[in-house]
Amino acid sequence: MILLPVLPIILPLAGAILCMFARRNLVAQKLISILSSALMFGVSIALLSEVRNGDIVVMNVGQWAAPFGITLVVDMLAAILLVLSGLMALSVSIYAYFGLDQDRVRFGFFPLLLIMMVGVNGAFVAGDLFNLYVWFEVLLTASFILLALGGERPQLEGSIKYVTLNLLSSALFLAGIGILYGMAGTLNMAQLARVVQEDGHGGLVMMVAIMFLMGFGIKAGMFPLYFWLPASYPTPPAAVTALFSGLLTKVGAYALIRMFTLVFITDPEFLHGLILAGAGLTMVSGVLAAASHYEMRKILAVHIVSQIGYVLMGLGLFSKLALTGTVIYLIHVIIVKTNLFLLAGAVHRLKGSYDLKKLGGLYKERPGLSILFFLSAMSLAGLPPLSGFFAKLTLIIAALRAESWLIVGVALGVSLLTLYSMTKIWAYVFWKPAPEPLPDLDPMPKGKWFLFLLPMMTLTVITIAIGVFAGSVFDYAEMAAGQLMDPSGYIQAVLGGE
Amino acid sequence: MEVVLAIVIGVLYAGGLYLMMRPNLIQLIIGLGLLSHGANLLIFTAGGLRKGGAPILADGEKVFTILPADPLPQALILTAIVISFAVTAFALVLFLRTYQTVGTADVDELKGTDT
């Protein structure tokens with residue numbers, strides 16, 4: 001179907017508009033959000049099956065041929081990420097159906113969520129840089145409001161930092177776009193790749209590459225540009241943080257992967273070496289910061305940073321196997337991180353606190369919830385046979401083959417410290433007896449509780465399934481990495497010709 | 001002309017970044033505004049400054065007789081201006097709300113979520 005690539009953008013947009021029509025009917029908004037996320041997920045699966053054989057789906061909007069019109073491109077990486085974004089939107093919608101306070105729903109949580117998904121999906125399919133910029137702004141504007149929604153003091157303080165630094169990064173990105181256009185006369189990524197490869201432009205390309213690295217590095221949460229993240233992400237309710245942690249920093253990482261495998265590959269020695277060094281420092285500083293916190297959301301939020309380090313590690317190593325590892329790691333971390341935040345939100349809903357020192361004894365009271373948390377936390381730390389193990393294994397084998405011993409040591413050490421942080425949460429929140437018993441806030445009836453936990457159960461099952469069927473996940477990721485390492489297929493699919 | 005604009009852009013960037021590092025929320029937002037103006041002018045300059053007609057072919061013409069101005073940078077800037085207008089409006093509301101809630105416009109006081 002020719003319209004397929006544009007549907008992941010149109011469906012949530014239509015959902016958001018419908019939600020705004022149903023402004024006073026909160027139940028209708030919730031159902032519209034769940035329905036359009038489910039449709040989005042279905043469409044993304046259809047797209048994935050379109051590109052399964054290695055084809056790249058290209059759509060020229062309005063039939064304007066490639067370098068002149070707006071081009072939407074879905075390759076394997078984009079299709080995988082679209083499926084994940086659909087899954088995350090669906091999980092968070094179901095979670096928010098039961099778990100979000102009425103005030104935030106009344107002030108438009110669901111339409112904002114869907115508009116953010118428009119931006120996220122748009123960024124994944126964008127085939128030219130200016131569209132990428134516009135989609136970034138769409139998702140950022142929606143995320144600004146989602147972050148500040150509710151207007152509590154910590155939220156506002158966090159929002160100011162988030163808004164300021166993200167606007168700074170957008171300004172850098174925009175300036176980079178301007179210089180690239182002046183240099184190459186095009187913003188279509190495929191044609192840019194061709195122009196940059198054909199006549200070097202040496203120094204200027206390098207400067208723009210660094211501007212993009214800074215711009216996307218801020219958005220992705222890369223060292224030393226991540227300080228806005230732990231200050232802002234833990235402030236909103238769990239549903240918002242889960243969505244942000246699953247998708248927003250990953251869009252930044254996706255943009256980095258796309259640009260630094262397609263366009264800026266003229267000097268991998270320097271550029272990718274820089275990314276690799278940044279990745280190592282990101283991992284270490286993230287995991288060390290997490291060790292000092294005693295608030296569940298804070299620990300998990302700082303861990304987003306160290307996980308981004310792993311994602312960028314594969315890009316920095318810049319080999320097919322390493323990028324395969326990056327793709328598997330993206331799949332793994334989007335699912336597990338969102339799930340952990342949702343579970344932390346469930347704990348908060350039960351006990352009214354995120355503080356490790358106040359909580360305790362949840363294993364006795366809620367064994368089901370505890371086991372879900374345990375499995376996801378161990379998957380994040382990278383224990384076999386869960387998804388995190390295979391993701392880290394692939395990355396580390398790739399690093400060993402590249403003989404980058406330092407990054408191997410860093411990745412293994414950080415993995416160990418991640419295990420420490422996760423067992424800390426486990427021991428404090430679930431295992432040790434509660435210091436003073438906290439009453440159950442707002443107990444849900446059994447059936448409702450089950451539905452509330454349903455997205456978390458699904459995500460946990462998926463992280464186990466990725467571990468069990470690691471082979472076929474590896475095949476998909478390898479195909480994505482193959483397309484990234486050999487951009488001629490992408491360029492040819494967009495521009496045609498030789 | 002390029003030299004003049006390059007200096008203007010540099011001044012806008014420097015002023016914007018300087019204001020962003022000042023402790024006052026109002027200065028912060030003016031700084032953000034200057035920064036986005038700097039970026040817009042940068043696109044304009046990098047896109048090529050030349051005198052030319054509108055890029056519209058007259059009836060019966062197949063090629064341009066005089067090289068027209070490139071419309072694309074202007075379209076990009078227009079989009080960027082609209083976006084930065086909306087975002088600045090949102091940031092103003094956010095800052096006002098923060099000022100009302102926290103009771104100060106001093107950025108250094110907003111450390112509640114840093115540790």
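How do the residues of the lining of the second largest cavity divide into nonpolar, polar and charged, and how many fall in each class? In this predicted model, eight of these residues are nonpolar, two are polar and one is charged.

The second largest cavity holds about 70 Å³ of space. Its lining is made up of F136(A), L139(A), L140(A), Y162(A), N166(A), K219(A), W228(A), Y233(A), L248(A), T249(A) and V251(A). Two or more of the lining residues of this cavity come from each of α6, α7 and α11 (238-262) of chain A.

The structure contains four cavities of 30 Å³ or more. The largest of them encloses about 180 Å³ of space. A total of 17 residues line the largest cavity, and those nearest its centre are Y133(A), L167(A), L32(B), S36(B) and S84(B). Two chains take part in this lining: α6 (129-148) and α7 (153-184) of chain A give two or more residues each, as do α2 (25-46) and α3 (71-102) of chain B. The largest share belongs to α2(B), which supplies six residues. By class, the lining of the largest cavity consists of ten nonpolar residues, six polar residues and one charged residue.

The elements α6 and α7 of chain A thus appear in the lining of the largest cavity and in that of the second largest cavity. In the largest cavity, these helices are joined by elements of chain B, whereas the lining residues listed for the second largest cavity belong to chain A.

Notes. Residues numbered from 1 in each chain as written. Chains lettered and ligands numbered in written order. Predicted model: local features only at pLDDT ≥ 70, side-chain atom pairs only at ≥ 80, totals over all residues. Heavy atoms only, no water. 1 Å grid on protein atoms, 1.4 Å probe; cavity = no way out; pocket = protein on both sides within 12 Å on 5 of 7 lines; lining within 4 Å. Points joined across faces, edges and corners; volume = space filled by probe spheres on them. Helix = DSSP H or I, 4+ residues; strand = E, 2+ residues; numbered from the N terminus. Nonpolar A, V, L, I, M, F, W, Y, C, P; charged D, E, K, R; others polar.
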